[in-house]
Amino acid sequence: MSTAPNRRAVAVILLIPLMVTLALWAFTWPAARIAPRDLPVGVAGPASAAQQLEQRFERRDGAFDVHRFDDEAAASTAIEDRTVYGALVVTPQGPHLLTASAASPVVSQLLREAVTASVPEDTPVRVTDVVAAPPGDPRGSALGASVLPLALAGMAAGAVVTLMGLRGARAAVTLIGAAALVGLAATAVAHSWLGVVTGDWWTEAGVLALTVLAIGSAVAGLAALFGPRGIGLGALLMVLLGNPFSGVTSAPELLPEPVGAIGQWLPPGAGGSLLRSVAFFDGSAAGAAVLTLSLWTLFGLAAVLFARRAPTPAEPVEPAREPALTG
C-alpha cells in the first residue's frame, strides 16, 4: 500500500496548527505590544519653556521624536502636513495640546494621557483637535476595518486570474478592471453611505483601486513566477502579515519594531496610510505610499506579462510536437 496519502495526511495535521499559530502571532503580538516608538510630536513656545517640555518627552527613552516649532501656527501646520501627530504649546493661559484624531485616535488619546500626567494636578490642559476624525467614524474603527476587505479583494482578483488561466495582456486588463470597480464600489460605501472618509471622492476611489491593484497584481505575479504556490506566498504577505502590520487601527509608530516599517512596505499598510492622507490631509505625506503601491503594481504586472510559468490545473497542457520526418 502506498504511503503517499498517509504522508499528505500527516502534513495537513501538522500544517494547520502551524498556520493557526502563525496567524495568532501576526494578529495578536503587535496589538499586545502597542506603545510609542519614535512617535513624532512637537513642542512650541518660548525657548526655555519649550526646552523643558522637550526634556519631559525625552525622559521616555525612544518613545518620542520631538520637533521644535516657533509658535502654535507652525505646530498646527506641521500637524496638517503629517509631520507630527500632535504638539504641546506653552501659552500664558497654560499648556495647549494640539492633536489630530484623523491621523490616529489612539495617538490622540495617548498624547492626552501623557500630557495630563506630566503637568501639575490642578493645571488645566486645553485640547484642540486640529484635524478631527469624521463624525461617521470618530474612533477610526471603520477605517481600520477596511484594510482586510481590500486585501481579500486583491487576493481574490490575483487568485482567480491565475486559476482561470488568464495570461499576458488579458490577465493585466482583468486585474486593472477588477481593481477599478472595487475602488468605485468601496468609495460609494465608505464615502457616500457611511461617511468614513471625507476627501475628494474620485481621489479616494483611485487610492482604493490602486491598493487592490497592487495586491492583486502582486499575487498574480507571484503565481506567474512560482506557480500555484505563489498564491499561498501572496496570502502570507498581503493578508497574514500585511493586514496586522499595517498600523491602520493605531499607527505604525505604535507597533513593535520593525513591524511598523515592514507594514508600510506592504500594500495594505501603504494603502491605509495613503487613504488617510487623501481623505483628511489633502494628500500630505502621500509620496512614500504612492511609490510603494506603484512598485508592487509594476512588479506584479511585469511578472504577469513576461514571466513564463507552468499551466495551472484549469489550463490544458499542449502536447509535445513530434519532429517532422525527413527523407
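## Burial and overall build

Let's start with burial: of the 327 residues in the protein chain, 46% count as buried. Keep in mind that this is a predicted model.

As for secondary structure, you're looking at twelve helices and five strands. Measured out along the principal axes, the C-alpha trace covers about 100 × 45 × 40 Å. Take the contacts between residues at least 6 apart in sequence, and 71% of them turn out to link residues at least 24 apart.

## Surface and charge

The chain leaves about 16,900 Å² exposed, and 64% of that area comes from carbon and sulfur atoms.

On the charge side, there are 19 positive and 23 negative charges in the protein chain. Average the positions of each set and the two mean points sit 15 Å apart.

## Cavities inside

Rolling a water-sized probe over the atoms shows where empty space remains. Here, that search turns up two cavities of 30 Å³ or more. The largest cavity holds about 50 Å³ of space.

So what lines the largest cavity? The residues are Ser146, Val147, Leu150, Leu208, Thr211, Pro268, Gly271, Gly272 and Leu275. Three helices each give two or more residues to this lining: H6 (147-163), H8 (201-226) and H11 (267-280). Helix H11 is the top contributor, with four residues.

Methods: Residues numbered from 1 in each chain as written. Predicted model: local features only at pLDDT ≥ 70, side-chain atom pairs only at ≥ 80, totals over all residues. Heavy atoms only, no water. Buried < 20%, exposed > 50% of the residue type's maximum accessible area, 1.4 Å probe, protein only. Contact = heavy atoms within 4.5 Å. Areas by Shrake-Rupley, 256 points an atom, 1.4 Å probe, with all protein chains shown as cover. Lys, Arg positive; Asp, Glu negative; His and termini not counted. Charge placed at Lys NZ, Arg CZ, Asp CG, Glu CD. 1 Å grid on protein atoms, 1.4 Å probe; cavity = no way out; pocket = protein on both sides within 12 Å on 5 of 7 lines; lining within 4 Å. Points joined across faces, edges and corners; volume = space filled by probe spheres on them.
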